[in-house]
Amino acid sequence: TQAPVNVTVTGAAGQIGYALLFRIASGQLLGQDTPVKLRLLEIPQAVKAAEGTALELEDGAFPLLSGIDIFDDAKQAFAGVNVALLVGARPRTKGMERGDLLEANGGIFKPQGEAINAGAADDVKVLVVGNPANTNALIAQSHAPDVPADRFTAMTRLDHNRAVAQLAKKLGVAVADVKKLTIWGNHSATQYPDIFHAEVGGKNAAEAVGDQSWIADEFIPRVAKRGAEIIEARGASSAASAANAAIDHVYDWVNGTAEGDWVSMGIPSDGSYGVPEGLISSFPVTTKDGKYEIVQGLDIDAFSRERIDASVRELSEERDAVKQLGLV
Ligand code: NAX
C-alpha cells in the first residue's frame, strides 16, 4: 500500500477545521486508496482545543488515518508536508482598517511561507482558505522562493459551488447537470460568477436563463453576498460548506477534473485574460496528473470584462498594499 501523505492543517481548532479534519481522515481529500497523516498547527492558546479534536478523530477509528501530530510551531508543522491547508487567519475586527488586517495576516502567512519553503516535500500543494485568501496566498508564496509558484492557490471553490447550486435551483435541474461555470477574480464581494460559458444539460446556461436582469441583479449579488447571508441566518460564518469546498479543491487538483467540465481555483496569473501576471486570481481551470491549466480561448464580452476588471483591480490594490508593508 501507499505511504501516508502528510496533510498540514492550520487553524485546526477553528470551526472550519472541525468540519474539515473528519473528512480528510475519512479519505475524501485524496481518495479512498490514500492513507493520511495529519499535522495540526494552532496558536498556543488553542492547542488544547486541537488536542480535543484529535481525541475525537481517534474515536472515529478511520482506517486511512495513520497519525495525528499537533504543533504550535510552523517549521515543525510543515516539515515534510505534501498538502498544506492554510485555514487559520486573523479575522477583521471592529474598527480595523484594511492595512491593519493585511499586516496582521502578514504576521501569519510570511512565517508559514518560510516554513513551507524550509521543510515541505517536493510535491507540496498549498491551499489558502483564511481570508483575505488570495493575498494571504501571495504573501506565503513570496516567502517560499524554492517552491514552484504555481503550488500556491487560494480557495474560490465555495463561491463556485454556491454559484452552481443557485443556477441549478433557478433552472430546476440537478447540480450535476451544471458544467463550466467560472468564478473570476478575488474571493470577496467583487468576485464575478460567470455563467456565459456555463452549460446546463448541454445548452448554454445564460441562454437557458434568458433573463439578463436575473444574472445582474439577483444571481451575481446572491453568490457574492452568500457569506453574509449565512452569517445572518446561522449566527456564524460558513464552516461545513467551506470545508466541503476545500475538500473539492484539493481532490480535483490531485485527481483531475471530469472530461467536459472545469472548476474555479485562485492561482497565480500567467497573464491570461488580461489578469496581471503574478496576481493570485480565480480562473476556470482543468486539472490532470496533479497539475492545473487555465481554460483558454473563452470569449469575454463587455458585461463580463467590466466585472473581471473590477475584481482584478481590487487584487492589484491588495498587492500594492502588502508591497508597501514589505510583506511581499
Ligand atoms: P475560526 O476563528 O473558527 O478558526 C480559526 C482558527 O485559526 C482559530 O482556532 C485560531 O486559533 C487559528 N489561528 C489563528 N492564527 C493562527 C496561526 N498563526 N497559526 C495557526 N492557527 C491559527 O475561523 P473559521 O470559521 O474556521 O475560518 C477560518 C478562515 O477561513 C477565516 O479567515 C475565514 O474568513 C476564512 N473563510 C474563507 C472562505 C473562502 O471561501 N476562502 C470561506 C469561509 C471562511 O469565511
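Helices (H or I, at least four residues) and strands (E, at least two) are DSSP runs, numbered from the N terminus. Residues are numbered from 1 along each chain as its sequence is written. The model is predicted, so local features need pLDDT of at least 70, side-chain atom pairs count only at pLDDT 80 or more, totals for chains, interfaces and linings use all residues, and side-chain values use heavy atoms, with hydrogens and water left out.

**Exercise 1. Backbone angles**

Task: Locate P132 and state the form of the peptide bond from N131 to P132.

Solution.
Step 1. P132 is in the loop between β5 (125-128) and α5.
Step 2. The bond from N131 to P132 has an omega near -5° and is cis.
Step 3. Most residues other than glycine have a negative phi, and most peptide bonds are trans.

Task: A61 and Y273 both have a positive phi. Say where each one lies and whether it is buried or exposed.

Solution.
Step 1. Buried means under 20% relative accessible area, exposed over 50%, and partly exposed in between (1.4 Å probe, protein chains only).
Step 2. A61, with phi near 45°, is in the loop between α2 and β3 (65-71). Its relative accessibility is 60%, so A61 counts as exposed.
Step 3. Y273, with phi of about 55°, is in the loop between β12 and β13. Its relative accessibility is 12%, so Y273 counts as buried.

**Exercise 2. Two buried helix residues**

Task: For A50 and R162, name the helix and list the contacts outside the sequence neighbourhood.

Solution.
Step 1. Contact means heavy atoms within 4.5 Å.
Step 2. A50 belongs to helix α2 (residues 47-59) and is buried because its relative accessibility is 0%. Leaving out residues up to four places away in sequence, A50 touches A13, L40, E42 and I70.
Step 3. R162 belongs to helix α6 and is buried, with a relative accessible area of 12%. With residues up to four places away again left out, R162 touches V223, R226, G227, I230 and S238.

**Exercise 3. Strand pairing**

Task: Give the strand order of the open sheet that contains β10, and describe how β1 and β2 pair.

Solution.
Step 1. Two strands pair if DSSP finds at least two bridges between them.
Step 2. The open sheet has three strands in the order β7-β10-β11, with antiparallel pairing. Its edge strands are β7 (178-179) and β11 (203-204), each of which pairs on one side only.
Step 3. Two bridges join β7 to β10 (residues 199-200) in the antiparallel sense, and V178 has V200 in β10 as its bridge partner.
Step 4. β1 (residues 5-10) and β2 are parallel and share six bridges; V5 stands opposite V36 in β2.
Step 5. In β2 (residues 36-41), five of the six residues are buried.

**Exercise 4. The largest nonpolar core**

Task: State how many residues the largest nonpolar core has and which element gives the most to it.

Solution.
Step 1. A nonpolar core is a set of buried Ala, Val, Leu, Ile, Met, Phe, Trp, Tyr and Cys residues joined through side-chain atoms within 4.5 Å.
Step 2. The largest core has 39 residues, and those with the most contacts inside it include L167, I195 and F219.
Step 3. Elements giving two or more residues to this core include α6 (157-171), α8 (212-224) and β13 (280-288). The most, five residues, come from α8.
Step 4. Beyond its neighbours within four places in sequence, L167 is in contact with V178, L181, I195, V200, A205, V209, W214 and F219.

**Exercise 5. Empty space**

Task: Give the volume and the lining of the largest cavity and of the largest pocket.

Solution.
Step 1. On a 1 Å grid over the protein atoms alone, a cavity is a set of points where a 1.4 Å probe fits but cannot get out, and a pocket is an open set with protein on both sides within 12 Å along at least five of seven lines; lining residues have an atom within 4 Å of a point. Points are joined across faces, edges and corners, and a volume is the space filled by probe spheres set on them.
Step 2. The largest cavity has a volume of about 30 Å³ and is lined by N134, T135, L138, L279, I280, L315 and R319. Three of these lining residues, the largest share, come from α5.
Step 3. The largest pocket holds about 1200 Å³. It is lined by 39 residues, and the closest to its centre are V129, G130, N131, P132 and H187.
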